[in-house]
Amino acid sequence: MKNLNITLASLAVLLLLFLPVLLFAQTGGGGAPGGGGTGGGSAPAGGCPPGVTPPCFPNPFGNGIQDLPTLLRVITENIILPIGAVIVVIMIIYSGFLFVTAQG
């Protein structure tokens, strides 16, 4: 039990040390302003948005998610809640089965 407490404490310390790095990360593309890219306002052939140099990766959740609170809300509403609802229903049925078969 003591090793678990030490592990959890060291994990908490590491999280607190790296939290400012995550919070103060740059959000824009760090390229040169006004930069010599391709003309026009559309994305280049590689699919990268303007101001981002390839390689770039598309946002798997779509273009509506640009910050962490929105991402957490989408994950909670679209992934965790449906799975949790199914697990809750299964657990209620299982507890009813245990209650009926308890024999006393």
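Entry 1. I looked up Ile-79 in this predicted model. Its relative accessible area is 39%, so I logged Ile-79 as partly exposed. Ile-79 sits in helix H2.

Entry 2. I then asked which residues share a nonpolar surface patch with Ile-79. The patch also holds Ile-80, Ile-83, Val-86, Ile-87, Ile-90, Met-91, Tyr-94, Phe-97 and Leu-98. Together the patch residues have about 980 Å² of accessible area. Patch membership takes over 30% relative accessible area, and Ile-79 has 39%.

Entry 3. I searched the whole structure for salt bridges and noted one. The partners are Arg-73 and Glu-77, with 3.8 Å between the closest N and O atoms. The cut-off for such a pair is within 4 Å.

Entry 4. I checked where the two partners lie. Arg-73 and Glu-77 are both in helix H2, which covers residues 68–100. They are four residues apart, or about one turn of the helix.

Entry 5. Are the partners of the bridge buried or exposed? Neither label fits: Arg-73 counts as partly exposed because its relative accessibility is 45%, and Glu-77 counts as partly exposed because its value is 44%. Buried would need under 20%, and exposed over 50%.

Entry 6. I turned to the chain as a whole. I noted two helices and zero strands. Of the 104 residues, 4% are buried. The accessible surface comes to about 9200 Å². Carbon and sulfur atoms account for 72% of that surface.

Methods. Residues are numbered from 1 along each chain as its sequence is written. This is a predicted model: local features need pLDDT of at least 70, side-chain atom pairs count only at pLDDT 80 or more; totals for chains, interfaces and linings use all residues. Side-chain values use heavy atoms; hydrogens and water are left out. Buried means under 20% relative accessible area, exposed over 50%, partly exposed in between (1.4 Å probe, protein chains only). Accessible areas come from the Shrake-Rupley method with a 1.4 Å probe; for residues, only the protein chains shown count as cover. A salt bridge is a side-chain nitrogen of Lys or Arg within 4 Å of a carboxyl oxygen of Asp or Glu. Patches are made of residues with over 30% relative accessible area and no salt bridge: like charges are joined within 9 Å, nonpolar side chains (Val, Leu, Ile, Met, Phe, Trp, Tyr) within 5 Å.
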